[in-house]
Amino acid sequence: MASSRTTLMQSLASNNRYQRATAAIELGKRRIRQALPELRRLTTDSDDIVAIAAMYACWELGEDLISIERIVAALESDSEEDVQQAVETVGAIGEPFVAKLAPLLMQSPDRARLALKLLDEIGGPEARRLVQFMRSDDPDVAALVREILDDWEDAADAVP
């Protein structure tokens, strides 16, 4: 999106959710700090895609306004679009997001599996450490931990 700063700022008020989300992401990537007040407001938008895009933009601008509960709600949504936006955001943030996932590992088995899948998506030493130390009495969670660790080992062995 090769829009000017002014056009991007105006797009944050659009009725079109995609235009608002795209503008938020672009403003964050361009490090346009003047957008922070409006981006902060959008982190609580009723539309998950817009809110998550605004959270990402704020994070890009050095403010951690990411709501793990909002991300989880989007990931558990029936909307494939919301799920995809949440996964892309977590993946884009990467390793700094790992610490936010740790508390989910201690919640219900469903939440633990969700956190494990995201840690698998993120990868890296911090994610690996959390997965390696994960213990659960739930057989599905324990199986997912083994699967992730085996996949990471296979990937490491495949690197020449």
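Helices are taken as DSSP runs of H or I of at least four residues, numbered from the N terminus. On this basis, E38 and R41 of the predicted model both fall within helix α3, three residues apart, or about one turn of the helix. Their side chains meet in a salt bridge, with an N to O distance of 2.4 Å. E38 has a relative accessibility of 24% and R41 has a relative accessible area of 46%; both values lie between the limits of 20% and 50%, so E38 and R41 are classed as partly exposed.

A pair with the spacing described for α3 occurs in helix α9, which covers residues 124–132. Here R129 forms a salt bridge with E126, and the closest N and O atoms are 2.5 Å apart. The two residues are separated by three positions, about one turn of the helix. R129 is partly exposed because its relative accessible area is 39%, and E126 is partly exposed because the corresponding value is 35%.

Salt bridges that share partners also join R17, D47, E81 and D82 into one network. In total, the structure holds 15 salt bridges. Within the network, the side chains of R17 and D47 meet at 2.7 Å, N to O. This pair links distant parts of the chain, with the two positions 30 residues apart in numbering. R17 belongs to helix α2 (residues 17–29), whereas D47 sits in the loop between α3 (36–42) and α4 (48–60). D47 has a relative accessibility of 15%, and therefore counts as buried.

The loop between α2 and α3 contains R31. The phi angle of R31 is near 60 degrees, a positive value in a residue other than glycine. With a relative accessibility of 48%, R31 falls under the 50% limit for exposed residues and so counts as partly exposed.

A patch of negative charge is found on the surface, where D120, E121, E147, D150, D151, E153, D154 and D157 gather. Two helices, α8 (109–122) and α10 (139–158), each supply at least two residues of the patch. The largest share, six residues, comes from α10. One of the patch residues, E147, lies in helix α10. E147 is classed as partly exposed because its relative accessibility is 46%.

The interior was examined in terms of nonpolar contacts. The largest nonpolar core comprises 35 residues, and those with the most contacts inside this core are I71, F97, L101, L116 and V131. Contributions of at least two residues each come from α4, α5 (68–75), α6 (80–93), α7 (98–101), α8, α9 and α10. The largest share of the core, seven residues, is supplied by α8. Helix α8 thus appears in two of the groupings described: α8 supplies at least two residues of the negative patch and the largest share of the nonpolar core. Helix α10 likewise supplies the largest share of the negative patch and at least two residues of the core. Helix α9, which holds the R129 and E126 pair, also supplies at least two core residues.

Technical notes
Residues numbered from 1 in each chain as written. Predicted model: local features only at pLDDT ≥ 70, side-chain atom pairs only at ≥ 80, totals over all residues. Heavy atoms only, no water. Patch = residues over 30% accessible without salt bridge, like charges linked within 9 Å, V, L, I, M, F, W, Y side chains within 5 Å. Areas by Shrake-Rupley, 256 points an atom, 1.4 Å probe, with all protein chains shown as cover. Salt bridge = Lys/Arg side-chain N within 4 Å of Asp/Glu carboxyl O. Lys, Arg positive; Asp, Glu negative; His and termini not counted. Charge placed at Lys NZ, Arg CZ, Asp CG, Glu CD. Buried < 20%, exposed > 50% of the residue type's maximum accessible area, 1.4 Å probe, protein only. Core = buried A, V, L, I, M, F, W, Y, C linked by side-chain atoms within 4.5 Å.
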